[in-house]
Structure formats: C-alpha cells, structure tokens
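Please examine the structure shown below together with its sequence. The questions that follow are each worked through in short steps.

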Amino acid sequence: MASSISTAVPAPQQAAVSTQDELTQKIPTQPLQVTKRLEKFKTTIFTQMSSLAIKHGAINLGQGFPNFDGPDFVKEAAIQAIRDGKNQYARGYGVPNLNSAVAERFKKDTGLVVDPEKEVTVTSGCTEAIAATMLGLINPGDEVILFAPFYDSYEATLSMAGAKIKCITLRPPDFSIPIDELKSVVSKNTRAILMNTPHNPTGKMFTQEELNAIASLCIENDLLVFSDEVYDKLAFEMDHISIASLPGMYERTVTMNSLGKTFSLTGWKIGWAIAPPHLTWGVRQAHSFLTFATSTPMQFAAATALRAPDSYYEELRRDYMAKKNILVEGLNSVGFTVFPSSGTYFVVVDHTTFGLENDVAFCEYLIKEVGVVAIPTSVFYLNPEEGKNLVRFTFCKDEETLKSAVERMKQKLSKK
Amino acid sequence: MAEMEKLSLVAKALTPSPIQQLSYLAQRYNAINLAEGFPDFPAPPHIKNAAVSAINSDFNQYRHVQGICDHVARKMKEMHGLDVDPLTDIVICCGQSEAFAATMFAIVDQGDEVIIFDPSYETYETCIRLAGGVPVHVALEPPNWTLNLDKLKKSFTVKTKAIVLNSPHNPTGKVFTKDELEIIAGACQTWNILAITDEVYEHITFDKESHISLASLPEMQKRTIVTSSLSKTFSVTGWRIGWAIAPAWIASAVRNIHIRITDSAPAPFQEAALTALSSPPAYFDSLRSDYESKRDCAVNMLAEVGFKMQFKPKGSFFVFAPLPENCTLSDVEFVEELIKQAGVVAVPGCGFFHTTLCEENSSPAALSYQRRYIRFAFCKSEDTLAAASRKLSKLVDDGRGIK
C-alpha cells in the first residue's frame, strides 16, 4: 500500500498543495488503516461456532434463530405485497399501515397510546433500532449503563457512538439487579441505561420491583432508558412489563422490538423503536443515514402479522414452553446446573461439572465430542472471566432436533 | 429546551429537508411526480417470482447468501477486468445506503476529512459526520460539471482520509470520464487516501458511454471501496439489497460494522438477488435502451418548456436542468410554480449544493448558480412521462410559461 513518497518529507502542513507539478508532495506517513473504533470487534462468536458446527455435523443449539419457519398468513401477505408492486422505497420511518399496527399492538400490551406518525420508527430489525438510538441520542463521552451479560452488538454500537460503558454484572442463580450497585455507578455524566427484558442470554425477566427501582433512579437523575424487548411475547413465568408504562417513564424511554422472534422470520429484518417525539426525532435522523428505508413488502406483511389474534400468541407460548421442557429436563438429567429462565428461548447453564477449563473450551468439546452446539457466554461480558462458567443453549428448534440433541448429550457427555 | 438536550450533537445539527413542504404541496395538487428517484413501473416479473418462491421455500431466517458474492465478483471481472475474491472481498448490506454507512464507520475516525464532489446526494455528508468525520466539498463546474484539478488539489490536507465518488452521478447525470478518473486516482495515490464509490447507476448509461469503475484504474483496487445495489438496476428500491466490495482487510472491517448495524439483509430478497444477478445481457441492454428513450423524452420535454439543455445526462435517471436565463425565480419558487401551474413536481437543486466549498471564491455571486437548477427524474413509465409532457406543453401553449 506504499505510495511514492518523495525523499524530502516536509513537516505536516496546514495548507494544501499549491502547484500542479508537486505531485510527489508530502503525505502523512501513516499506513492506511481502519478506524480505531474497530479494534475490539472481530468476527462474532456465532460465526465461529457455526462454522465449527458444520464441520462436525453438530446439532446447533447455539444460534438464536428457529429452524422452523414463520406462519403462512404472514408469508402470504409478503408475497401479495410483492405482486401488488410494493417494491419501491417505503417512507423512511415506516409504511403508515405498519406504524399504526405497531401503535395498536403497543396499546394492547401496555395501555399506552402513542402517535404512529410521530412516535414510531420502523428499522431493519431491532439491531438497527439499537444502532439508530445510540447514534441519534448519545454523544461521545456520555456514560451508558449496561447489564452484563448482554447481547454482543450493544458494546459495539455504544463504542461506535463514543459512549463510555458502565457495566453492572447480573449473577446466577437468579440474575437479579443489584440495585445498590446500580445506584453507585450513576454519575453526572450518565446519559442512559440500556436494558433488555426478557433478557438474552439468561432468560431473566425484570420484575416490577426492579423496574420501579430503575424508574426512580432515572427520574431522579434525569436519565434515558433504551429498552430492548424483542422477546416480550416469549414470556413464560411472569408477565412482561414495559418500563415505558411506569409513571414518569414514557417521556424518557425508547422501547425497541421486532417481528423476527415473535413470528419466526428473523431474516426479514423488520424492527421498530417507540419513543416520545423529541427522542424519536433523534432516532429517525440516525436511521435515515444508516439504512434510509426498510424493506417494503415485509413491512406490509408485518402489519398483518401484528394484527394477529391473541390465539396466535397463546399458541406460540405453548409451543415454546413444550420445547423448553424438553431441553431443560434433558440438561438437568445430563448433569448441568440449569438456571431458571423466565422468558426468551434461551437457557443458561453452569458447565463446570464436566471439567473443562472455561466456556469456550467446553463449547468446543461439546461440538467435537458430543455433536451439539452451545454458545460460550464469556463473549456477553465486558470482562470475559465473569462468564467462563456459563454457556447458553437455545430451544427455538423443532422438537425432534431438541430431542436428538438431548440424546447425544445423554450418551456422550461425561462428568469428570 | 431540556428535551432537546437529550439528542446527540449530530442529530441536533441536522435540519428537516425543504423537500418535505414541496411533497405536501405536490400531494394537494395531485402533481405528477418527477421528483422521487424511484420507478413507478413494476419490477421485472422474473425477479419478483424469485422472491415469492424464496418466501415459500422458507428462506426466511437470518442468512448470508454467498452466491450473491459469486455473481458480484463475476460481474466485476466482466465489466471492469477486476479480480475480486467472493469469499473475502464482498459484504452484503441493506442497500447501498447501509454499505456506505458501514464503510464510513469502518474508515473514518474523529476529525478525518473526506472529500465529496458538489453537487452531491445529501446522505454522504451526514454519514461522514455521524462517523465523526469532516466533509470537504469540491465544486464541479457548471454547465458541464467538469472536474477542476486545481480545486481538487486545494482540498487535500494532512487530515484527508478519503474521497467519495458517485458515478454515474446524482443529481447531474454526469458520467466521470477516463481522464477525470485518472486525475482522481493520481490524487488518491499521491495523498495515500482511500476512495469510496457509489455506483448504483452503473448499468444506466447512454450514448454508448461506458461506466468505468475507479477501482479498475491502476493501483486503485487496493484502496477503493465500491458500493452498489440491486435497487436501480432491477427497479426494486424497496428490497434493500446492496454490497460493498473492497480489499479483504477493509471488507472485513465493513462486515463487522454491518453485522452490528443490521446483522443481515432481508433473506428472501438475497435469494431473489441470485436470479436478478443472473439476468442475461439482453436484460441490461434493454434497461439501457429503455432509459435512454426516457432520457430523450425528458430532455425534449424540458427544451420545449424553455430550458436550455446544454448538458445532457450521460447516465443515471436524472436530468439536472438549469432555469432559463430570463427566469427570475429561485429553484424552490420555480418548483412551487411548476406544481401549481403545471401539476408536475421536481426537486429544487439547492438541496444538493453546499455553500462551504473548498476554494477561494465563495461569494454569493459566485455561488448563485446553486439556486438555478432543478432535478427531474425520468425513471417513470411512458404514460407518466407522456402525461408530464402534455401538462408542460399546455403551460407553454397557454402562453403562460413560468417566469
């Protein structure tokens, strides 16, 4: 990548080149490089594990997406939209019908009435909602509080926004919020708290008491809350509560969600952010420069999906609870310490009884010797050491697959 | 206001576009829309069928369709003679929009300067700012939007990290020539900077003009990130399938950012992209010839209304028309009148120009041309263009014209 640098390299100049002939002028001698912000972010653990899994023919209970497909009525709506010619740019912040459907669903779920035109923004998945929220509302140097373990893109996007991360670790067995510790990290530079409930990877759901405590803290210190609620319909042991619905909270909360988990269509990339107009404005600005618009036919289909009757959601929960039972019983019988998971389609377990030195070593062993994939949770912590005893399994797979995986573990996993 | 304090500095600096107001006006007058840069005719049936088939075949979970990379690599070889490794050098993104944004985040650090040619599509500047960079605008010179080497050289400083090149060009329809590309390439090498290209109109060129990718010039592939998409070539702007092509060390950085911004482009449309990208040469030939006749129609239509079409677009689906000399209205005022009197809407050019240019003479007089251009889109059906033509002719026949 070296270009021709003249032998006489002058000191860095302020003024630009002034004559046509001086083509071999100075250049700063830095080699071309990618940004500093990327130093921490290499290929994700998911990609690595998936490649290893394919090589060994392992059953993949690592990836957080279903091996079964979404409901026909939603797919047909997308097909109809394509045939009806809905293939050009949608309005940047969402197709009106979808914005309305999102607002209607939110009202059913939380009782809050929001303006679909001013308070709902459609994004390419919840991942983009998170990125747009950070970039639109966080300034370099702002402190943001995060709970570990956390979905791995949070750290990356916070870093892209130049935020300083203050991390609170949730610990087994119940991963409850250490409220006093949380209070102690709030400073005058704290801008926001980023939370995820139901929680990936632990399956923990924030309780009313915990939400009340977070709410008081936010109101007292004038903080924002960014709440990732993609698994809200996979709530098994208790009801999901949106923090935006607590008194004094809507005006300072961005609630994020998506179609993918609820309707088993993770590849469609339809997500949204709900927030009061002044916060929505920031989210929309960033969004319009990240992706400009979201896939049009899928938005039409999403509007249909979100108007599904309650029976759809009940059946979804029943199906997932049956899957969860298969996995949890299996994991227990094999000898893992299984931590209670109230929501999401994840379960976190302690693997140490099998004698491997850490979570990554255990996952590699599990793939190669047993033929099952789990995700090492150390990647979900700022300090990987904190996660080394835990691995995450997912049960968003059909029952046959789950039973086969359990069988393999029963046969081949041995305690040391 | 306390609420505004919650926004980031970048978000606060952005203002709503004046185009919004014109949209409302256009709706009220039921105006024919020659403003929006997307087709009003259907996407090709074989591609839509491929998408439908993908949805029915359960291609609906997160995926990366490697076949897209294979096709894109093949096309780069066919069109530009470039050897691109489909396994490492290509990143599939949610449209060229996301490819560009991810690239900016991958290569722009706080304070890095990035050169953009003026006029330009407004998104480039904002992406650069979002990533902490400083946009530096270099004016192309009317009436033919020529590249001035002096102006270009004056824009480089120790902080220059990269240059953005959009060709074929929105809004002017200019296609950068080989000579111009050589100048830009020379500057990139001299100053050891990266180049990011936006080539979304790569298949829409006229008068036997070929699109040349900057990356295909000697020594440029290793420092260029090419971005493009399905959108304009296949009339599916709403599908959000695009890509970035770069040497592996940059592509992997762009990929890592993309994964954190959206993680995956819509799966069924990735699958349909395989069909699109396998379209035979005849598809591209007829795309070009269809758009060429639309261009001719648009240029004629505007000439009849009194525009002096000195510069005809050689690519893209836009005409950037200068207001007639005797017209005393500004571009925005003209567009308002066009909506009210002729029922046709276009985009005032001011949104594409920047007044802080990197050169000595930035006086209001020298910059007056920035309020004298209107952008018309001709990515419209023959019926739409014919209707627009009729309405504009009527304006002339009625003896009104727009003053």
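Q: How many helices and strands does the secondary structure of chain A come to?
A: The model examined here is a predicted one. Helices and strands are counted as DSSP runs, numbered from the N terminus. For chain A, the count comes to 13 helices and 13 strands.

Q: What percentage of the 416 residues of chain A count as buried?
A: A residue is called buried when its relative accessible area is under 20%. Chain A exposes about 15700 Å², and carbon and sulfur atoms supply 50% of that area. Of the 416 residues in chain A, the share that counts as buried is 62%.

Q: Among contacts in chain A between residues at least 6 apart in sequence, what percentage join residues at least 24 apart?
A: A contact here requires heavy atoms within 4.5 Å. Taking the contacts in chain A between residues at least 6 apart in sequence, the share joining residues at least 24 apart is 76%.

Q: What distance separates the end C-alpha atoms of helix H11 of chain A, and why does it agree with the expected span?
A: Helix H11 of chain A covers residues 310–334, which makes 25 residues. The expected span is 1.5 Å times one less than the number of residues. For H11 of chain A this gives 36 Å, so the expected span agrees with the distance between the end C-alpha atoms, which is 36 Å.

Q: Which residue just after H11 of chain A takes a positive phi?
A: H11 of chain A has several buried residues, among them A:Tyr312, A:Leu316, A:Lys323 and A:Val334. Just after this helix, a positive phi of about 120 degrees is taken by A:Gly335.

Q: Is A:Glu210 buried or exposed?
A: A:Glu210 is found in helix H8 of chain A, which covers residues 208–221. Leaving out residues up to four places away in sequence, A:Glu210 touches A:Ser176, A:Ile177, A:Ile179, A:Lys204 and A:Met205. The side chains of A:Glu210 and A:Lys204 are joined by a polar contact of 2.9 Å. Because its relative accessible area is 8%, A:Glu210 is classed as buried.

Q: Which residue has a positive phi of about 60 degrees although it is not a glycine?
A: The residue lies in the loop between strand S7 (253–258) and strand S8 (271–274) of chain A. Its relative accessible area is 5%, so it is buried. The residue with this positive phi is A:Lys269.

Q: Is B:Asp58 buried, partly exposed or exposed?
A: B:Asp58 lies in the loop between helix H3 (45–56) and H4 of chain B. Although B:Asp58 is not a glycine, it has a positive phi of about 65 degrees. Because its relative accessibility is 40%, B:Asp58 counts as partly exposed.

Q: How far apart are the closest N and O atoms of B:Arg74 and B:Glu78?
A: Both residues lie in helix H4 (residues 66–80) of chain B, 4 residues apart, about one turn of the helix. At 33% relative accessibility B:Arg74 is partly exposed, whereas B:Glu78 is exposed at 53%. The two residues form a salt bridge, and their closest N and O atoms are apart by 3.0 Å.

Q: Is B:Glu125, the salt-bridge partner of B:Arg129, buried or exposed?
A: B:Arg129 and B:Glu125 both lie in helix H6 (residues 123–130) of chain B, 4 residues apart. Their closest N and O atoms are 2.8 Å apart, in a salt bridge. B:Arg129 counts as partly exposed at 38% relative accessibility. With a relative accessible area of 13%, B:Glu125 is buried.

Q: How many salt bridges does a search of the whole structure find?
A: One of the salt bridges joins A:Lys388 and A:Glu385, with closest N and O atoms 3.4 Å apart. In chain B, salt bridges link B:Asp207, B:Glu292, B:Arg295, B:Asp296 and B:Lys314 in a network. Over all chains, the number found is 32.

Q: Which residue is joined to B:Asp118 by a cis peptide bond?
A: The omega of this bond is about 5 degrees. The partner lies in the loop between strand S3 (113–118) and H6 of chain B. The residue joined to B:Asp118 is B:Pro119.

How values were computed:
Residues numbered from 1 in each chain as written. Chains lettered and ligands numbered in written order. Predicted model: local features only at pLDDT ≥ 70, side-chain atom pairs only at ≥ 80, totals over all residues. Heavy atoms only, no water. Salt bridge = Lys/Arg side-chain N within 4 Å of Asp/Glu carboxyl O. Helix = DSSP H or I, 4+ residues; strand = E, 2+ residues; numbered from the N terminus. Buried < 20%, exposed > 50% of the residue type's maximum accessible area, 1.4 Å probe, protein only. Polar contact = N/O pair within 3.5 Å; in protein donor to acceptor, adjacent residues only side chain to side chain. Areas by Shrake-Rupley, 256 points an atom, 1.4 Å probe, with all protein chains shown as cover.
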